[in-house]
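This note sets out some points for a student who is reading the model for the first time. Please keep the sequence and the structure in view while working through the numbered paragraphs.

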Amino acid sequence: MSIYISNLSDEIQEDDLKQMFSKYGSVVKVRLPIYRATGERRRFAFVEMETDAEEAVAIHSLLGTEYMGRNLRVNKAITKVGKS
């Protein structure tokens, strides 16, 4: 599973998120999606952590936190399931 973070600053980098979340456990992966046409960041990201317990602590601790002038929204990412 992974964590969905939204309302991010245009200035944020993967290393910023890795540093922020590593306070709560081992960060496995950080993804900052971009618009293909413009190359601009989409103001949301996904962070994968080593365990569900670490993810839960990070979500609880960072929800509503201000970072780079923006209040973060932090939730468990929802996985899309294909049609049967």
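**Notes on the predicted model**

1. **Contacts along the chain.** The structure discussed here is a predicted model. Consider first the contacts between residues at least 6 apart in sequence: 60% of them join residues at least 24 apart.

2. **Secondary structure.** How many helices and strands does the protein have? There are two helices and six strands. Read from the N terminus, the elements follow the order β-α-β-β-α-β-β-β.

3. **Overall dimensions.** The C-alpha trace spans about 40 × 35 × 20 Å along its principal axes. A compact globule of 84 residues would have a radius of gyration near 12 Å, and the 13 Å of this protein agrees with that.

4. **Burial and surface.** Of the 84 residues, 35% are buried. The protein exposes about 5,800 Å², and carbon and sulfur atoms supply 47% of this area.

5. **Charges.** The protein carries 13 positive and 12 negative charges. The mean positions of these two sets lie 8 Å apart.

6. **Aromatic pairs.** The model contains three aromatic pairs. In one of them, the ring centres of Y4 and F46 are 5.6 Å apart and the planes stand at 50°; the pair is therefore tilted, since this angle lies between the limits of 30 degrees for stacked and 60 for edge-to-face. Y4 belongs to strand β1 (residues 3-6) and F46 to strand β3 (residues 44-49), so that the pair links distant parts of the chain, 42 residues apart.

7. **The aromatic cluster.** F46 also pairs with F44, with 5.8 Å from centre to centre and 85° between the planes, an edge-to-face arrangement. Y4, F44 and F46 form one aromatic cluster. Are these residues buried or partly exposed? F46 has a relative accessible area of 18% and is buried, because buried means under 20%. F44, at 16%, is buried as well. Y4, by contrast, has 28% and is partly exposed.

8. **S2, in the segment before β1.** The next residue to examine is S2, which is placed in the segment before β1. Its relative accessibility is 14%, and S2 therefore counts as buried. Which residues does S2 touch, leaving out those up to four places away in sequence? They are F46, V47, E48, E55, K76 and A77. F46 thus appears here again, having been met above as a member of the aromatic cluster.

9. **S26, in the loop between α1 and β2.** S26 lies in the loop between α1 (14-22) and β2 (27-31). With a relative accessibility of 37%, S26 counts as partly exposed. Apart from neighbours within four places in sequence, S26 is in contact with E48, M49, E50 and E54. The C-alpha atoms of S26 and T51 are separated by 8.1 Å, although these residues are 25 residues apart along the chain.

10. **G64, in the loop between α2 and β4.** Where is G64 found? G64 sits in the loop between α2 (52-62) and β4 (66-67). This glycine is partly exposed, at 45% relative accessibility. Not counting residues up to four places away in sequence, G64 touches N71 and L72. From G64 to S9 the distance is 14 Å, C-alpha to C-alpha, with their positions 55 residues apart in sequence.

11. **Positive phi at R43.** Most residues other than glycine have a negative phi. R43 is not a glycine, yet has a positive phi of about 65°. R43 is located in the loop between β2 and β3. Its relative accessibility of 35% makes R43 partly exposed.

12. **Positive phi at M68.** A positive phi is also found at M68, where the value is near 55° in a residue other than glycine. M68 is in the loop between β4 and β5 (70-71). At 37% relative accessibility, M68 counts as partly exposed. When checking the backbone, the student may wish to look at R43 and M68 together.

Notes: Residues numbered from 1 in each chain as written. Predicted model: local features only at pLDDT ≥ 70, side-chain atom pairs only at ≥ 80, totals over all residues. Heavy atoms only, no water. Helix = DSSP H or I, 4+ residues; strand = E, 2+ residues; numbered from the N terminus. Rg over C-alpha atoms; globule rule 2.2 N^0.38 Å. Buried < 20%, exposed > 50% of the residue type's maximum accessible area, 1.4 Å probe, protein only. Contact = heavy atoms within 4.5 Å. Areas by Shrake-Rupley, 256 points an atom, 1.4 Å probe, with all protein chains shown as cover. Lys, Arg positive; Asp, Glu negative; His and termini not counted. Charge placed at Lys NZ, Arg CZ, Asp CG, Glu CD. Phe/Tyr/Trp six-rings, centres within 6.5 Å; stacked < 30°, edge-to-face > 60°.
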